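Biologist: I've got the model open and a few labels I'd like to argue about. Can you walk me through the reasoning behind them?

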Amino acid sequence: MSGLFIFIYRFFAARKIFFFLVLSALLLGVGYFAMQVKLEEDLSKMLPRDKKMEQLNFVFQNSKFLDKIIVQIHLKDTSQVNSAQLISFSDSLVHNIQKQFIPNHVKEITHKISDDLMLEVYQSFYSNLPLFLDSSDYLNINSMLTDSAVQQALQRDYNVLLSPAGMMLKNNIVSDPLGFVPIALKKLQSLQLNDNFEVENGYIFSQDKKHLLFFITPLHPKKTAINAELIKGLDQLISKLETENPAVKADYFGSVAVAVANAERIKKDVMMTVSITIFILFLFISLFFQRVYIFFIILIPVIFGAGFSLALLFLIKGSVSGIAIGAGSIVLGITINYSLHFYTHYRHTGSIIENLKDLSY
């Protein structure tokens, strides 16, 4: 193997211009492909890939609720209750979000539960009623078909139609005069996790009326770089409105916000780690050898190796976890250390190439 390296060295030593042309072409090629690597701020990309982990990732990545940003508005003085103030703040915030981020960053905002949505739910249950019923429900329906039960149901429908709610419920009463659909709707109560939330005038409040919630659905929930602009703009809007309304505070949470925060933290940590490592090594090598250019000679194979690795990642996979790149920055110090060891061990020899046969670690 050493003979191959000796041959390469002697070949390029006699053709220096050709060597620099080949080196420049390699650096340009490696640099181009390395820059095409797509970074993903996804922790799961670093975890072992087995069947259970893939199923878990599938659930998280395809859950529509996890893609949403949940905004929570409350008074700074938690002992006070002022739902009107919370509604006014939320309306202003939603208006600004719609104006600034729709349609480029936000797909939709679930600010209020509209009457149309409730009608859609009712219609969905009506169209698929047999799917939501079991044997006990049919026994209940059978008891609703007696003459007296039908008479009571029709009288109840008549009273509703005469009330203000009749305008809204007219179509439901016409399609389901005996009230079969509410039997199925009661089954939704079994899916309710808790009763800590309630709806007031379409707005979602906590039961104590101290917190108001609404939901933002990003247009590109998996694209952290685009969502970073959304999160930054959301922070600015909240800060502005909090300045105008000092008694109110707004917070938000969700997987999209966490992904953006993780990405920013990763970038800062990687830049800090690499910068500190290179700076310390630069000082140490420059002072030890008393020649500044030695540091750059040692750094060349490190840069080429890192670029070559990223180029291969692009050609083989196309993307890589940004967290993995951050962890890989630790290897930088080790690589430079071995380059330094190599140079130090052979700096006093007349020709490094003649000692390659004796090189061992």
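Modeller: Sure, and keep in mind that this is a predicted model. Let's start where Leu26, Leu27, Val30, Phe33 and Ala34 of H2 meet Phe304, Gly307, Phe308, Leu310, Ala311, Phe314 and Leu315 of H12.

Biologist: Why is H2 called oblique to H12?

Modeller: Helix H2 (residues 16-35) and helix H12 (residues 293-316) pack at about 50 degrees, their axes 7 Å apart. Roughly parallel needs an angle under 35 degrees and roughly perpendicular runs from 65 to 115, so H2 counts as oblique to H12. As for handedness, H2 passes H12 in a left-handed crossing.

Biologist: What about H4 and H10: at what angle do they cross?

Modeller: Roughly 145 degrees, for helix H4 (residues 83-101) and helix H10 (residues 224-244), with the axes coming within 10 Å. That crossing is right-handed. On the H4 side the residues include Phe89, Leu93, Ile97 and Phe101, and on the H10 side they include Leu230, Gly233, Leu237 and Leu241.

Biologist: Just past H4 there's a proline. What makes the bond between Ile102 and Pro103 stand out?

Modeller: The peptide bond joining Ile102 and Pro103 is cis, with omega at about 10 degrees. Most peptide bonds are trans. Pro103 sits in the loop between H4 and strand E3 (106-110).

Biologist: And Lys209, what is notable about its phi?

Modeller: Phi of Lys209 is near 65 degrees, a positive value in a residue that isn't glycine. Most residues other than glycine have a negative phi. Lys209 is in the loop between strand E5 (203-206) and strand E6 (211-218).

Biologist: Why is Lys209 called partly exposed?

Modeller: Its relative accessible area is 21%. Buried would need a value under 20% and exposed one over 50%, so Lys209 lands in the partly exposed class.

Biologist: Does the same reasoning tell me why Val258 is partly exposed, or what else is needed?

Modeller: Nothing else: at 46%, Val258 falls between the 20% and 50% cut-offs, so partly exposed is the label. Val258 lies in helix H11 (residues 255-289). The C-alpha atoms of Val258 and Ile69 are 9.8 Å apart, with their positions 189 residues apart along the chain.

Biologist: Now the aspartates. How do you know that Asp157 has no salt bridge?

Modeller: Asp157 is buried, and the nearest side chain of opposite charge, Arg156, is 4.8 Å away. A salt bridge has to be within 4 Å, so Arg156 doesn't qualify as a partner for Asp157. Asp157 belongs to helix H7 (residues 147-162). Leaving out neighbours within four places in sequence, Asp157 is in contact with Ile173 and Pro177.

Biologist: How do you know Asp176 has no salt bridge?

Modeller: The nearest opposite charge for Asp176 is Arg156, at 8.6 Å, and the limit is 4 Å, so Asp176 goes without a salt bridge even though it is buried. Asp176 is in the loop between helix H8 (166-175) and helix H9 (181-185). Not counting residues up to four places away in sequence, Asp176 touches Tyr122, Tyr126, Val181 and Pro182.

Biologist: Stepping back, how many helices and strands does the chain have?

Modeller: The chain has 13 helices and eight strands. Buried residues make up 28% of its 361 residues. Among contacts with a separation of 6 or more, 73% are between residues 24 or more positions apart.

Terms used: Residues are numbered from 1 along each chain as its sequence is written. This is a predicted model: local features need pLDDT of at least 70, side-chain atom pairs count only at pLDDT 80 or more; totals for chains, interfaces and linings use all residues. Side-chain values use heavy atoms; hydrogens and water are left out. Helices (H or I, at least four residues) and strands (E, at least two) are DSSP runs, numbered from the N terminus. Buried means under 20% relative accessible area, exposed over 50%, partly exposed in between (1.4 Å probe, protein chains only). Lys and Arg count as positive and Asp and Glu as negative; His and the chain ends are not counted. Contact means heavy atoms within 4.5 Å. Axes are lines fitted to C-alpha atoms, for helices over the stretch in contact, and angles run from 0 to 180 degrees between N-to-C directions. Angles under 35 degrees count as roughly parallel, over 145 as roughly antiparallel, 65 to 115 as roughly perpendicular and the rest as oblique. A crossing is left-handed if the near helix is turned anticlockwise from the far one by less than a right angle, and right-handed if clockwise.
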